[in-house]
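Grab a pencil and let's work through a few exercises together. Try each task yourself before you read its solution.

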Amino acid sequence: GNHFFYLLFQNLFYFFSIAFLYSKVSKIFDKKVLLFSILFLCFEPTIFQYHSSFWSESIFFSFQILILALMFMKNKSFYIYLIIGLLIGILSLQRQLAIFYIIPVLIYTFIFDKKKLFINFPLIIFGFFIIQIFLGLNNYSRSGKFYIMTADTKVEMHRNIVLKVMSKKLNISHKEFHELEGKASLDWIIKNNMEINLDDDELKKSIGFMNYRNQLSESDKVTFDGFIRKRTFKYVFQNPIDFFKFAFNSAIHVPLLNPFHIYSEHNFKSGEIYYLTNRHDELIPIRIIYSLLIYFFVMFGFIYFLKKKDYKTLFYLTISFLYFYATIFWNGNTRYFLPSYIYLSFFFGAGLNYITSKIRNRF
């Protein structure tokens with residue numbers, strides 16, 4: 001039905017961003033490296049699968065690639081820096097984890113673009129804050145509070161990590177921990193005289209802090225989310241070893257590539273069901289082998305840029321990869337790794353070119 005046009009738009013937008021990238025960097029990179037990198041971005045199945053889905057990845061990738069193209073441009077005019085700031089702001093609207101991506105961009109600019117520092121710095125920051133101010137004012141007009149950080153950034157860690165770590169630590173079920181947190185949240189809501197749109201009977205049936213949160217006004221939700229964030233930090237500081245172990249295991253698991261995500265979405269009622277099936281277990285060895293193959297070429301691509309002493313490209317790709325990885329490694333969800341994965345495309349292209357060149361020279 002009408003959703004077809006959304007899928008058509010995100011496909012056209014993504015491949016437009018690829019064409020734009022090629023037009024801006026075709027004279028900067030080795031032609032074969034660029035060819036392999038572009039082919040990777042176009043056809044690598046872990047990336048490609050999202051263009052036919054309603055997940056947010058495809059459009060997020062597109063904005064990442066547009067920013068990448070502008071950052072690699074030579075002889076950038078002043079308005080380009082403003083556009084970079086605007087695009088980073090828009091990127092953060094797609095996913096809140098990108099809101100601090102302006103920091104690595106400014107670090108890169110400070111190191112490699114010092115000649116125009118007093119102009120490009122303010123322009124990037126100005127473009128970024130135009131978007132954030134628009135978002136904040138929009139939230140203010142709707143809720144009476146000016147804010148730019150969404151609930152996800154404040155409660156997601158509690159819903160994900162705290163639930164799993166503390167349930168195991170206390171030797172209770174997830175449902176029981178939900179009930180404990182729900183009771184603590186309700187007590188806090190009552191103590192702070194917040195209006196909650198449930199009668200007494202409904203309150204008794206509710207479990208989990210999100211149930212109560214959903215009944216608050218938007219203005220009170222902002223305050224409530226701050227309470228949950230403080231509660232999350234309290235759990236982490238009181239149980240640092242348990243949370244470190246969980247985060248470490250998640251950090252190892254996250255880079256495992258999953259070209260079958262959309263396949264599982266289309267063939268199983270939910271991810272929770274899929275993870276318990278034999279089909280999931282059968283695909284794990286394939287995913288491990290495929291991931292190792294990709295990272296093999298990425299490793300040689302890293303070596304390639306080091307040998308060429310192309311520190312500018314190396315720094316931007318690495319700092320961008322590390323930024324997005326640092327924002328999600330604790331989660332454990334392999335899908336959240338993909339924004340980092342985009343920056344490995346040039347490493348892959350360089351690595352594949354490096355290996356094929358060695359083979360040609362050998363034979």
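A polar contact is a pair of N or O atoms within 3.5 Å; within protein, one must be able to donate a hydrogen and the other to accept it, and residues adjacent in sequence count only if both atoms are side-chain atoms. You're looking at a predicted model, where local features need pLDDT of at least 70 and side-chain atom pairs count only at pLDDT 80 or more, while totals for chains, interfaces and linings use all residues. Residues are numbered from 1 along each chain as its sequence is written, and side-chain values use heavy atoms, with hydrogens and water left out.

**Exercise 1.** Find what surrounds Ser-37.

Solution. Start with its place: Ser-37 is in helix α2, residues 31-43. (Helices are DSSP runs of H or I, at least four residues, numbered from the N terminus.) Next, check accessibility: Ser-37 has a relative accessible area of 0%, so it's buried. (Buried means under 20% relative accessible area, exposed over 50%, partly exposed in between, with a 1.4 Å probe and protein chains only.) Then look for partners: a polar atom of the Ser-37 side chain lies 3.4 Å from the backbone oxygen of Ser-345. Finally, leaving aside neighbours within four places in sequence, Ser-37 is in contact (heavy atoms within 4.5 Å) with Ser-345, Phe-346 and Gly-349.

**Exercise 2.** Is helix α4 largely enclosed, and why? Let's take that as a "why" task.

Solution. Helix α4 covers residues 57-72, 16 residues in total. From first C-alpha to last, α4 reaches 22 Å, close to the 22 Å expected at 1.5 Å a residue. (The expected span is 1.5 Å times one less than the number of residues.) Now the burial: 16 of the 16 residues of α4 are buried, so the rest of the structure largely encloses it.

**Exercise 3.** Describe the ring pair of Phe-112 and Phe-315.

Solution. A pair of aromatic rings is described by the distance of the centres and the angle of the planes. The structure holds 44 aromatic pairs. (Rings of Phe, Tyr and Trp, the last by its six-membered ring, pair if their centres lie within 6.5 Å; planes under 30 degrees apart count as stacked, over 60 as edge-to-face and the rest as tilted.) For Phe-112 and Phe-315, the centres are 5.6 Å apart and the planes at 55°, so this pair is tilted. Phe-112 lies in helix α6 (residues 102-112) and Phe-315 in helix α17 (residues 311-328), so the pair ties together parts that are 203 residues apart in sequence. Phe-112 is partly exposed at 27% relative accessible area, and Phe-315 is partly exposed at 26%.

Terms used: Helix = DSSP H or I, 4+ residues; strand = E, 2+ residues; numbered from the N terminus.
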